[in-house]
Amino acid sequence: RALLFLSFLVSACFAYPVLNVTGFSWAENMAFDGKGNLFVSDTGVGALYRISLSVDGTTYDRMTHIAPGPFGKIDGLAISANSSVLYANSREESTKETWLLSVNTDIAETFSKEVKLPAMGNG
């Protein structure tokens, strides 16, 4: 009984708030990094967001990681083994070319086009 109570007490102390984030036009792809951040692509507007636990641990913060504009779509997310790079399939708005992006997971708006792709994937 003491072990069960201790387990309950420990899990209650480390409970996280419910994640309820709104305001997306089409949140399609999600990927967690090893630091507890959730990356979400909003394919409808070509944006990438980082969602993380707030400093006080009671809510979540949604930060724009790639703002709408340069890309008409962003989808197909994957995180590198060391969590420093997020890879994303994207369609450049001005040229309609499809690119594999490498995105710095720590610094917003820091990305590079790595490989030109023949077509846009679906998710």
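Modeller: Helices (H or I, at least four residues) and strands (E, at least two) are DSSP runs, numbered from the N terminus. The model before us is a predicted one, and its protein chain contains 1 helix and 8 strands.

Colleague: In what pattern do these elements follow one another along the sequence?

Modeller: The protein chain reads α-β-β-β-β-β-β-β-β. The helix therefore precedes the strands in this pattern.

Colleague: Which strands form an open sheet, and in what order?

Modeller: The open sheet consists of 4 strands, arranged as β5-β6-β7-β8 with antiparallel pairing. At its edges stand β5 (71-79) and β8 (111-117); each has a single partner strand, so one side of each lacks a neighbour in the sheet. On average, neighbouring strands here are turned by 30 degrees against each other, direction ignored.

Colleague: Over how many bridges do β7 and β8 pair?

Modeller: Strand β7, which covers residues 98-104, pairs with β8 over 6 bridges in the antiparallel sense. For a single example, one may look at Trp99, whose bridge partner in β8 is Lys116.

Colleague: Lys116 has a charged side chain to consider as well. With which residue does the side chain of Lys116 meet in a salt bridge?

Modeller: A salt bridge requires a side-chain nitrogen of Lys or Arg within 4 Å of a carboxyl oxygen of Asp or Glu. Lys116 meets Glu97 in this way, at 3.1 Å from N to O. Glu97 belongs to the loop between β6 (85-92) and β7, whereas Lys116 is in strand β8, so the pair ties together parts 19 residues apart in sequence. Glu97 itself is partly exposed, its relative accessible area being 25%.

Colleague: How many salt bridges does the structure hold?

Modeller: There are 4 salt bridges in the structure. One of them joins the side chains of Lys35 and Asp106, with 2.8 Å from N to O. Lys35 is found in the loop between β1 (27-32) and β2 (38-42), and Asp106 in the loop between β7 and β8, so this pair connects parts that are 71 residues apart in sequence. A further salt bridge links Lys96 and Glu93, at 3.1 Å from N to O.

Colleague: Are Lys35 and Asp106 buried, partly exposed or exposed?

Modeller: Buried means under 20% relative accessible area and exposed means over 50%, with partly exposed in between. At 42%, Lys35 is partly exposed, and Asp106 is partly exposed at 48%. For the other pair, Lys96 is partly exposed at 46% and Glu93 is partly exposed at 34%.

Colleague: Which residues other than glycine have a positive phi value?

Modeller: Ser83 is one of them, with phi near 65 degrees. Glu109 is another example, with phi near 60 degrees.

Colleague: Where do Ser83 and Glu109 lie?

Modeller: Ser83 is part of the loop between β5 and β6, while Glu109 is placed in the loop between β7 and β8. Ser83 is buried, with a relative accessible area of 7%, whereas Glu109 is partly exposed, with 41%.

Colleague: What can be said of the protein chain as a whole, beginning with how many of its residues count as buried?

Modeller: The protein chain has 123 residues, of which 31% count as buried. Its accessible surface is about 7,400 Å², and carbon and sulfur atoms supply 60% of that area. As for contacts with a separation of 6 or more, 37% are between residues 24 or more positions apart.

How values were computed:
Residues numbered from 1 in each chain as written. Predicted model: local features only at pLDDT ≥ 70, side-chain atom pairs only at ≥ 80, totals over all residues. Heavy atoms only, no water. Pairing = 2+ DSSP bridges. Axes fitted to C-alpha atoms, helices over the stretch in contact; angles between N-to-C directions. Buried < 20%, exposed > 50% of the residue type's maximum accessible area, 1.4 Å probe, protein only. Contact = heavy atoms within 4.5 Å. Areas by Shrake-Rupley, 256 points an atom, 1.4 Å probe, with all protein chains shown as cover.
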